[in-house]
Amino acid sequence: MVIEVGASTRGSPSSGLRHTSSACRAAPSCACDCNAQFCEQLRVEPRLPMRQQQQQQQQQQQHEFRDHRTGRMGRRQLRCSMGVSSFSISIALLLLLLCSSFAAVDAKIQEVRLKLGKSGKKPRVDWMYVSKFGWDLGKGTWSFRMRAKFPQSLPANVSFGIELYLDEQWPEIEAEPDVCKRRLKSRTSATVSPGENREFGEFANGFVRQTIRPHIWFFAINDCNNTLGDTSGVFVLEFQAMNQGGIHFSVDQKWATSANLFTLAICTGIFVMFWKKGRDYKKYAGSLHPVIWALFSVLVTQYVAQCFHTGHLSLYRSNGKGSPVLEVMSEVFFTICQVIQTSLLILISSGYTLLQSKLGELDIVLPICLMVAFMHIAFVVVDKVQPDTSSDFSDHDGVKGVAFCCLRLGLYGWFLYAGHTTAQSAGTRVRSFLRTFRVVASLYFLTYPVMWMIQPLVAPYYRKPVMEMAIMAAQVGSNLWLANLFMSRGTFWQVSSLSASPLPGGQSPVRFYKDD
C-alpha cells in the first residue's frame with residue numbers, strides 16, 4: 001500500500017626581422033631572444049608559420065561565430081525555459097506552508113478524523129472505514145486510541161468497536177447494505193473509548209500473524225451499540241501499525257528505502273557524467289546549447305526530488321509519520337522534472353534544432369507546458385489533502401491517476417502530430433532521425449498510461465512498487481538517452497543545429513535554417 005577567448009596575431013613580423021641588431025644577426029643562437037625583445041618593445045608578436053596563423057584565425061572566427069550564434073538563438077529560449085522552471089518552482093515553494101498542515105496519509109502512526117452518530121436531518125452514521133495496512137509474513141501489531149474533538153461532553157460509557165477485515169473479504173463487506181451486519185464477518189475486534197476532557201483514552205491493541213503470503217488488512221469503526229444515542233460527535237482516532245521487527249512500513253512499502261537509495265545513486269552517477277560531458281562540450285563549442293541546459297534542469301529537479309523523498313523516508317522509518325512537507329515537495333519537483341522533459345521532447349518533435357535554430361512560432365509551446373505543469377502540481381496537492389480511501393493502493397489511484405493519464409495521452413498526441421508535421425517539411429536524414437526519435441520517446445510517454453491500466457490486475461500489495469519502479473525506470477532511461485543524444489556526435493548532432501557551422505574547417509556541412 002507510497003533532479004572563450006580567441007587569439008590572433010598582430011603587427012608585421014617581417015619588420016621585426018628587418019630591424020634586428022647586427023649583434024643578433026652575428027649570433028644566431030640569440031636571434032630568437034633579440035627578435036622577441038624587439039617585438040615586445042613594438043608590442044608585436046614574433047612571426048608564426050603561415051599555416052599556423054591560418055589555423056588560429058579560423059579557430060578564432062569559429063569561436064566568435066558559435067558564441068554569436070548560440071547567444072542569438074539561445075538567449076530567448078533560455079529565458080523562456082528558465083521562466084517556466086522558476087515559475088513552477090516558485091509555485092512549489094508557495095505550497096510549502098499549505099503542505100505543512102497536511103495529514104501524513106501514508107504514515108502508519110496516523111490520525112483519522114471521524115464523525116459518528118446522528119447529526120440533524122442527515123442519516124445516522126454507525127459504521128466507517130478507518131484505514132488499511134499491509135502485513136508481511138510473521139507477526140505484526142496494531143493499536144488504536146481515541147479522543148473527542150466535539151462536543152465537549154459526551155454520554156457516559158461511550159465506546160466504539162474496531163473491526164479488522166481481510167483483503168479477500170473486503171469487496172463482500174462493502175457490498176453488505178446493513179452496516180451493522182458487517183461486523184459479523186470481521187476477523188477480530190476490539191473496543192476503544194475517548195478519554196476525558198478531550199484527551200486520548202487507553203490503547204486498544206491487537207496483532208496479526210501470517211505464514212502463507214502477505215495481505216492488506218482493512219480497519220473499520222462502528223457504533224452499532226448506539227452508545228452515542230441521539231447525539232453526534234467528531235473524534236480523532238490514532239492508528240499505529242508495525243510489521244515484524246518494529247518496522248513502520250507497510251508490506252507494499254518495505255522496498256522503498258533501498259530502492260530510493262539505489263535510484264539516488266544512479267541519479268548521482270548520471271549527474272556527474274552529464275556534468276563532465278557538458279564541460280567537454282563547452283570546451284569544444286564555447287557554450288552550451290539550450291537543449292542541453294533544459295536537460296540539465298531536468299536532472300537538477302529530479303535530483304532535488306529524490307533528496308526530498310530520501311529525507312521523508314528516513315523520518316518515516318524512525319517515527320512512522322515521515323515529513324508531509326518533504327513528501328509533497330518531492331512529488332512536486334518530480335512532476336516539474338517530467339513536464340520539462342515532456343516539453344523538450346515536443347519542441348524537438350516540432351522541429352526545434354531540426355528545421356529551425358530558434359523557437360520562432362514554437363513560443364506557444366512554453367506557455368502551454370507551463371499550464372500543464374501547474375495542472376500537474378494542482379492535482380498532486382489536491383490528492384494529498386484527500387482522505388484515505390479503501391480503494392486506493394498507490395499514489396496514482398483515484399482522480400489524480402485519471403487526470404495524469406489523460407494529460408500524458410494528450411501530450412503524446414501533440415508529440416506525434418508535431419513529429420508528423422515536421423517530417424513532411426524535412427529532408428531524408430531528418431525524417432530518418434524522427435522515426436527513431438518517435439519510437440524511443442513513445443516509450444517514455446506511454447509508460448504511465450500503460451502501467452496505470454495494468455496496475456489493477458496486480459495484487460494490491462504489489463501495485464505501488466510496480467507503478468513507482470516503472471515510472472522511475474522510464475524517467476532515468478529517458479535521461480540517459482537524451483544525454484547521449486545531445487552529447488555524442490551521432491545522428492542528432494549531424495542533423496540538428498548543435499553542429500551547424502558554415503566556417504571553413506567546420507565539423508559539419510553548411511546548412512541554413514528557415515529562421516536564419
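## Names and starting point

Helices (H or I, at least four residues) and strands (E, at least two) are DSSP runs, counted off from the N terminus. With that naming, Arg198 can be placed in the loop between E5 and E6. Keep in mind as you look around that this is a predicted model.

Arg198 has a backbone quirk: its phi is positive, about 60 degrees, although the residue is not a glycine. Is Arg198 buried or exposed? Neither label quite fits: Arg198 has a relative accessible area of 39%, so it counts as partly exposed.

## The E2-E7-E4-E5 sheet

One open sheet has 4 strands in the order E2-E7-E4-E5, and their pairing is antiparallel. Its edge strands are E2 (127-135) and E5 (188-192), each of which pairs on one side only. From one strand to the next, the twist averages 25 degrees.

Now for the E2 side of this sheet. E2 and E7 run antiparallel and are joined by 8 bridges. If you want a spot to click on, try Phe133, which stands opposite Trp217 in E7.

## The E1-E8-E3-E6 sheet

Another open sheet of 4 strands has the order E1-E8-E3-E6, with antiparallel pairing. Which strands stand at the edges? They are E1 and E6 (204-210); each has a single partner strand, so one side of each is left without a neighbour in the sheet. The twist here averages 25 degrees from one strand to the next.

E1 and E8 (residues 232-242) run antiparallel, with 9 bridges joining them. Among the residues involved, Glu111 has Glu238 in E8 as its bridge partner. Gln110 also deserves a look: it lies in strand E1 (residues 109-117), and at 6% relative accessibility it counts as buried. The side chain of Gln110 makes a polar contact of 3.2 Å with that of Ser131.

## Rings, and charges over rings

There are plenty of rings to look at: the count of aromatic pairs comes to 33. One of them is Trp170 with Phe218, a stacked pair at 4.6 Å centre to centre, with 5 degrees between the planes. Why does this pair tie together separate parts of the chain? Trp170 lies in helix H6 (residues 170-175) and Phe218 in strand E7 (residues 215-222), so the pair links parts that are 48 residues apart in sequence. Both Trp170 and Phe218 are buried.

Elsewhere, ring pairs link a whole cluster: Tyr412, Phe415, Phe433, Phe437, Tyr444, Phe445, Trp481, Phe486 and Phe492. Charged side chains turn up over rings too. Arg145 has its charged end over the ring of Phe200, 4.3 Å from the centre, and Lys132 lies over the face of Phe393, at 5.6 Å from the ring centre.

## Two helices, H11 and H14

Helix H11 (residues 365-385) has 21 residues, which should span 30 Å at 1.5 Å a residue; its end C-alpha atoms are 31 Å apart, so the two agree. Which residues of H11 are buried? They are Val365, Leu366, Cys369, Val372, Ala373, His376, Ile377, Val380, Val381 and Lys384. When you check the spacing of that list, it helps to recall that an α-helix has 3.6 residues a turn, so residues three or four places apart point the same way.

Helix H14 (residues 460-487) has 28 residues and reaches 42 Å from its first C-alpha to its last, close to the 40 Å expected at 1.5 Å a residue. H14 is mostly covered, with 20 of its 28 residues buried.

## Backbone oddities and a contact across the chain

Phe150 and Pro151 are joined by a cis peptide bond, with omega about -5 degrees. Pro151 is in the loop between strand E3 (138-150) and strand E4 (160-166).

Thr353 is another non-glycine residue with a positive phi, near 75 degrees. You'll find Thr353 in the loop between helix H10 (324-349) and H11. At 0% relative accessibility, Thr353 counts as buried.

How many residues separate Trp493 and Thr353 in sequence? They are 140 residues apart along the chain, yet 9.6 Å apart in space, C-alpha to C-alpha. Trp493 sits in helix H15 (residues 491-495) and is buried, with a relative accessible area of 5%.

Conventions. Residues numbered from 1 in each chain as written. Predicted model: local features only at pLDDT ≥ 70, side-chain atom pairs only at ≥ 80, totals over all residues. Heavy atoms only, no water. Phe/Tyr/Trp six-rings, centres within 6.5 Å; stacked < 30°, edge-to-face > 60°. Buried < 20%, exposed > 50% of the residue type's maximum accessible area, 1.4 Å probe, protein only. Lys NZ or Arg CZ within 6 Å of the ring centre and 35° of its normal. Pairing = 2+ DSSP bridges. Axes fitted to C-alpha atoms, helices over the stretch in contact; angles between N-to-C directions. Polar contact = N/O pair within 3.5 Å; in protein donor to acceptor, adjacent residues only side chain to side chain. Expected span 1.5 Å × (residues − 1).
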